[in-house]
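Q: Hello! I am new to this structure and would like to look closely at just one part of it. Could you take me through it step by step?

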Amino acid sequence: MDEVVPIWLVWTIVSIVVTFAFPVISWALGRWYQDSLLNKLDVAEKNQMAAFGADQISSTSNKVSSLSAQSSVLLHTSIVVGPSMGQMFFMWSKSVFGGRLHSYDVVISYGRREVVRRLQEQATQLGCSSITNLRIQTSTVTFAKNSKGRTSSLEFLAYGTGIRK
Amino acid sequence: MESPQAISLMLSNVETIPGHSLVNSLGLVSGSTVRAKHIGKDIFAGLKNIVGGELKAYTELLNESRNEALQRMMADAHSRGANAIVNVRFATSSVAAGASELFCYGTAVVVQ
């Protein structure tokens, strides 16, 4: 009975492992999932840019393209994205020292690119050949159960006027 | 919710309706809606948060709500006799934990 590891030590080790295992697993899964999303987006964006034309989107109310327009339609689309729990945990620990938050960078740039891509898709479906006065807005979405009001996810809204020629 | 026959006006977020000419301006119109999240969707979104990425339930909910706000704005403009709304803008704010307000506004006009 002397060689048996004391029970308190076992419990301490188990609790430490359980505490850190979840964020680490969540972070790793999230990293893998988000990388696959980004790779998919890279391909889709390239195809769509080639089809739609990168110069057909502008953030100004282009008078020239409006003059020759037949009709127009208001396009709007939004996407809600959130970082994984593991990323949030590591971000929280990183905020002690400050610096660049890579995880948020990835999530935010994904959301913003995806929402513009979807707007283009919508424009194509509605027969528009260009988008003018494109606006992108960001807002936070909080979960009801999250009483502290900590930011859990972000909403990106893109809207603009689609021009039919 | 709204009347079954959806009102459809011409909308744009530039200062004119491209391809048409403005005849008359009828003033500011707006529409808003406050939506809370369904608790089931909230729990599911919480699970999705394990890997992160897009939360589809929320995306759908917000798009639906934004369409409703647009419908209300269009009903407002329609009751004034407008046939188009120019310079439409959107605003989003979270009023409480789990609820967000979607607001849109624009200028009601008559176009030819």
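Which residues lie nearest the centre of the second largest pocket, and how many residues line this pocket?

A: Happy to help! Please keep in mind that this is a predicted model.

Let's begin at the centre of the pocket. The residues that lie nearest the centre of the second largest pocket are A:Leu74, A:His76, B:Leu11, B:Asn67 and B:Leu70. They belong to a lining of 19 residues, and the space in this pocket comes to about 360 Å³. The elements that give two or more residues to the lining are β1 (71-82) of chain A, along with β1 (10-11) and α2 (56-79) of chain B. Of the lining, β1(A) supplies the largest share, with 6 residues. Sorted by class, the lining of the second largest pocket holds 11 nonpolar and 8 polar residues, and no charged ones.

From the pocket, we can follow β1(A) to its neighbour. β1(A) pairs with β3(A) in the antiparallel sense, over 11 bridges. As an example of residues facing each other across this pairing, A:Ser78 stands opposite A:Leu157 in β3(A).

What lies on from there? Strand β3 of chain A covers residues 153-164, and it is largely enclosed by the rest of the structure, because 11 of its 12 residues are buried. Strand β2 of chain A, residues 130-141, is also joined to β3(A), by 10 bridges, and these two strands run antiparallel. Here A:Arg135 has A:Tyr159 of β3(A) as its bridge partner. As a general point, side chains in a regular strand alternate between the two faces of the sheet.

For contrast with the open pocket, let's turn to enclosed space. A search of the whole structure finds 1 cavity of 30 Å³ or more, and the largest cavity holds about 40 Å³ of space. Among the residues that line the largest cavity are A:Gly82, A:Val106, A:Tyr110 and B:Gly53. At least two residues of this lining come from each of α1 (7-52) and α4 (102-125) of chain A. The lining of the largest cavity has 5 nonpolar and 3 polar residues, with no charged residues.

Finally, a word on confidence in chain B. The average pLDDT of chain B is 83, and 86% of the residues score at least 70. Within chain B, confidence is highest in strand β5 (residues 99-111), at 90, and lowest in helix α1 (residues 39-48), at a mean of 69. Where pLDDT is low, the predicted coordinates should not be read in detail.

Methods
Residues numbered from 1 in each chain as written. Chains lettered and ligands numbered in written order. Predicted model: local features only at pLDDT ≥ 70, side-chain atom pairs only at ≥ 80, totals over all residues. Heavy atoms only, no water. 1 Å grid on protein atoms, 1.4 Å probe; cavity = no way out; pocket = protein on both sides within 12 Å on 5 of 7 lines; lining within 4 Å. Points joined across faces, edges and corners; volume = space filled by probe spheres on them. Helix = DSSP H or I, 4+ residues; strand = E, 2+ residues; numbered from the N terminus. Nonpolar A, V, L, I, M, F, W, Y, C, P; charged D, E, K, R; others polar. Buried < 20%, exposed > 50% of the residue type's maximum accessible area, 1.4 Å probe, protein only. Pairing = 2+ DSSP bridges. pLDDT = per-residue confidence, 0-100.
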